[in-house]
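Student: I should like to take a close look at one part of this structure, namely the place where the two chains meet. Could you please guide me through it step by step?

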Amino acid sequence: MTDNHQTLALLLFSSFVAVTLAITTWVSRNRRGSAEEFYAGGRLFSPMENGFAIAGDYMSAASFLGISGLIALFGYDGLLYSVGFLVAWLVVLFLVAELVRNCGRFTLADVVAARMRERPVRIAAGTSSVTVSVLYLVAQMVGAGALVALLLGGEGEAAQAWTVIGVGALMVVYVSLGGMRATTWIQIVKAVLLMGGAIALTVLVLVRFHGDFDQLLRTAAERSGHGDDFLAPGLKYGGDWIARFDFISLGLALVLGTAGLPHILSRFYTVPTARAARRSVVWSIWLIGGFYLMTIVLGFGAAAIVGPEAVRGSNAAGNTAVPLLALDLGGGAASTGGTVLFAIVAAIAFATILAVVAGITLASSASVAHDLYASLRRRRSGPRSEVAVARAAAVGIGTVAIALGLLARDLNVAFLVGLAFAVAASANLPVLLYSLFWRRFTTRGAVWSVYGGLIPSVVLVLLSPVVSGSPDSLFPGVDFQYFPLQNPGLVSIPLGFLAGWLGTVTSAEPPDEAKHAETEVRSLTGAGAV
Amino acid sequence: MDVRFDDPWYDALASGWGELDGTGGVAPVGSAAREEGRGAADVYVEVQRSAAFQEVRRRYRRFVIPGVAVFFSWYVGYVVTATTAPGLMARPVVGAVNVAMLAGLGQFLTTFLFTWAYVRHARLRRDRAALDLRWDTQELTRELVGGER
């Protein structure tokens with residue numbers, strides 16, 4: 001890419017960083033340093049603000065870059081992804097959002113621990129939440145790296161690594177200084193930018209095809225070299241039965257995982273009531289649904305206008321399809337329009353990544369400080385020291401994610417996110433649903449259900465072709481691949497539910513009727529909610 | 001989509017509570033817990049056993065369970081069909097638009113519809129009764145801890 005692109009994109013990006021830094025300092029000027037303030041932003045966001053923030057948290061680099069890239073390369077199979085991401089919100093809306101808001105304080109473990117012996121349950125749920133967050137963070141870091149590589153062209157190997165480090169470090173600063181209030185405002189700004197950028201590009205694509213969606217699809221199919229197959233499922237997941245099961249597995253993980261994502265759950269605590277939580281989910285469903293509808297146009301647009309070959313040539317996993325599309329829509333690489341549009345899209349994508357990194361870092365630091373540290377420490381100490389631990393944890397988690405992000409550079413972002421969803425669906429969702437809805441659920445059931453989902457999902461990933469035994473693996477040189485599927489969801493999600501049931505029925509202690517009554521009454525009425 | 005509904009927590013004193021359909025009003029929780037020597041846990045057990053709470057829970061479950069069953073099987077059906085019967089999904093309907101495209105867009109449409117239906121049901125059938133119960137429960141616990149809250 002030319003110098004113009006770089007300068008302009010860097011300028012726009014720096015202004016986003018400046019604006020968000022200003023927001024961070026401004027909203028935290030009177031910060032009291034309480035846990036309520038750090039984890040939940042004082043619980044005073046409006047449903048609309050929170051709805052935008054949820055959408056901002058959810059529409060990650062995986063959506064903007066990953067899904068449209070998959071559509072550009074594989075056609076309809078990329079679209080299958082986005083459907084799962086959206087339908088998942090019905091699970092959140094129907095079963096989780098209001099009840100979690102009513103029962104918990106800051107984290108997923110709060111909801112479960114209210115009914116059970118606190119210590120083992122908090123350690124289990126905290127561990128799984130941190131695991132999910134780190135996986136998700138790695139995906140964002142990889143997305144950031146891919147974007148910089150595109151900006152700087154082939155010479156940017158070192159620059160790519162430095163960007164990943166820079167992005168991570170910057171967000172750690174935001175989070176540890178500004179807490180939930182700053183993070184929420186970053187999400188809102190980012191969601192507005194992202195929606196704006198997506199709308200602009202979608203309109204340009206549709207104008208290019210004179211508003212004829214049919215013509216767009218036909219051109220994309222022609223250009224792809226696959227003909228009509230491009231518009232039907234099967235190009236990526238159609239081959240052998242392993243590939244098909246892999247997709248079913250991924251589909252399950254996507255639809256069930258969202259409701260177990262720690263950074264999504266923690267967003268419900270930033271509004272005052274369950275009703276406000278419901279209204280924020282409705283806002284976010286409209287935003288997210290609209291956004292994914294636009295990624296369909298963008299993905300097929302990239303296939304039709306840029307062409308899959310050029311997309312693949314720039315990034316094998318397709319992560320750079322949308323920036324390339326912007327370049328073309330603006331008039332090509334040599335034109336001012338192309339340069340400007342490309343720079344805007346690149347800056348938005350950066351902003352997207354930064355914001356999501358902030359959201360996850362915050363949620364996982366809450367899990368570390370509020371669940372793990374609070375359970376493992378020996379003496380009781382004040383909430384102020386818990387916030388200090390959370391700030392330190394943000395730094396630690398950021399470092400781990402940066403290191404893994406550098407390692408996993410060449411994996412498709414959407415696919416990495418699929419793994420995070422699988423772990424969330426296997427380890428977090430079963431324990432959450434059982435706690436909210438099952439009268440006989442016990443402490444042992446809760447602990448078993450978390451580990452029974454977490455351990456199989458992580459082990460299956462380690463034994464899968466993602467890590468070893470195929471040319472695309474993390475370690476292509478070695479082969480300890482014993483599990484054929486890339487996504488473990490199909491096996492590990494049922495295992496999580498099964499382990500929870502098994503732990504409960506074999507448990508010696510009787511279920512605590514009174515605590516169940518309390519959870520049920522509180523979850524459905526909001527009595528005693530903080 | 002009607003997303004304009006008021007939050008009772010803020011608008012408790014405002015008139016025009018929203019359109020209750022006549023079934024919204026529920027009898028208050030009994031006063032047995034006001035007797036001496038009861039803990040907060042007993043309050044929750046008592047509220048849980050009250051007819052008012054059972055009604056709220058029944059309304060919630062009778063909407064949510066079938067709802068989840070329907071959208072979940074529709075989604076799983078879609079994913080399984082897309083992976084196992086690509087031939088069916090590739091059948092053209094109008095121009096370049098095929099069955100798969102219609103099914104995918106149909107998933108978007110039904111998600112929006114389910115969202116709308118859930119919110120409407122919660123607003124009309126559950127919110128008022130749940131809020132009454134919330135006050136009653138908090139009133140009972142407050143009496144127990146001696147007006148501390």
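**Where chain B meets chain A**

Tutor: In this predicted model, the axes of H5(A) and H5(B) lie 10 Å apart, and the two helices pack at an angle of about 15 degrees. An angle under 35 degrees counts as roughly parallel, and H5(A) and H5(B) are therefore roughly parallel to each other. Their crossing is left-handed. On the side of H5(A), the contact is made by Tyr76(A), Leu79(A), Val83(A), Leu86(A), Val87(A), Leu90(A), Leu93(A) and Phe94(A). H5(B) contributes Ala100(B), Gly104(B), Gln107(B), Phe108(B), Thr111(B), Phe114(B), Thr115(B) and Tyr118(B) to this contact.

H5(A), which comprises residues 76–103 of chain A, also packs against a second helix of chain B, H3(B), made up of residues 51–84. The axes of these two helices come within 10 Å and cross at roughly 170 degrees. Angles over 145 degrees count as roughly antiparallel, and this crossing makes H5(A) roughly antiparallel to H3(B). The crossing of H5(A) and H3(B) is left-handed. Here Leu80(A), Val87(A), Leu90(A), Phe94(A) and Leu95(A) of H5(A) meet a set of H3(B) residues that includes Val64(B), Gly67(B), Val68(B) and Phe71(B). Tyr75(B), Val79(B) and Ala82(B) of H3(B) also take part. Val87(A), Leu90(A) and Phe94(A) thus appear in the contact with H5(B) and in the contact with H3(B).

We may now view the whole meeting of the chains. In total, 49 residues of chain B are in contact with 47 residues of chain A. Several elements of chain B each supply at least two residues of the side that touches chain A, among them H1 (8–11), H2 (40–49), strand E2 (97–98), H5 (99–125) and H6 (127–144). The largest share of that side, 14 residues, comes from H3(B).

It helps to place these elements within chain B itself. Chain B has six helices and two strands, which follow one another from the N terminus as α-α-α-α-β-β-α-α. Of its 149 residues, 32% count as buried. Among the contacts in chain B with a separation of 6 or more, 64% are between residues 24 or more positions apart.

H6(B) deserves a separate word. This helix has 18 residues, and from its first C-alpha to its last it reaches 26 Å, close to the 26 Å expected at 1.5 Å a residue. Its buried residues include Asp127(B), Arg128(B), Leu131(B), Asp136(B), Leu140(B) and Thr141(B).

Finally, consider the nonpolar cores. The largest has 214 residues, and Val112(A), Ala302(A), Leu325(A) and Ala420(A) are those with the most contacts inside it. Helix H15 of chain A (residues 336–376) gives the most to this core, with 26 residues. Apart from the largest core lies another, of 17 residues, including Ala527(A), Tyr44(B), Val45(B) and Leu140(B). Leu140(B), listed among the buried residues of H6(B), is thus one of the members of this core.

In chain A, helix H20 covers residues 513–525 and is followed by Gly526(A), whose phi is positive, near 85 degrees. Ten of the 13 residues of H20(A) are buried, so this helix is largely enclosed by the rest of the structure. Among those buried residues are His516(A), Glu518(A), Arg522(A) and Leu524(A).

How values were computed: Residues numbered from 1 in each chain as written. Chains lettered and ligands numbered in written order. Predicted model: local features only at pLDDT ≥ 70, side-chain atom pairs only at ≥ 80, totals over all residues. Helix = DSSP H or I, 4+ residues; strand = E, 2+ residues; numbered from the N terminus. Buried ≥ 20, exposed ≤ 12 C-beta atoms within 10 Å, placed from the backbone. Contact = placed C-beta atoms within 7 Å. Core = buried A, V, L, I, M, F, W, Y, C linked by C-beta atoms within 7 Å. Expected span 1.5 Å × (residues − 1). Axes fitted to C-alpha atoms, helices over the stretch in contact; angles between N-to-C directions. Parallel < 35°, antiparallel > 145°, perpendicular 65-115°, else oblique. Left-handed = near helix turned anticlockwise from the far one by under 90°.
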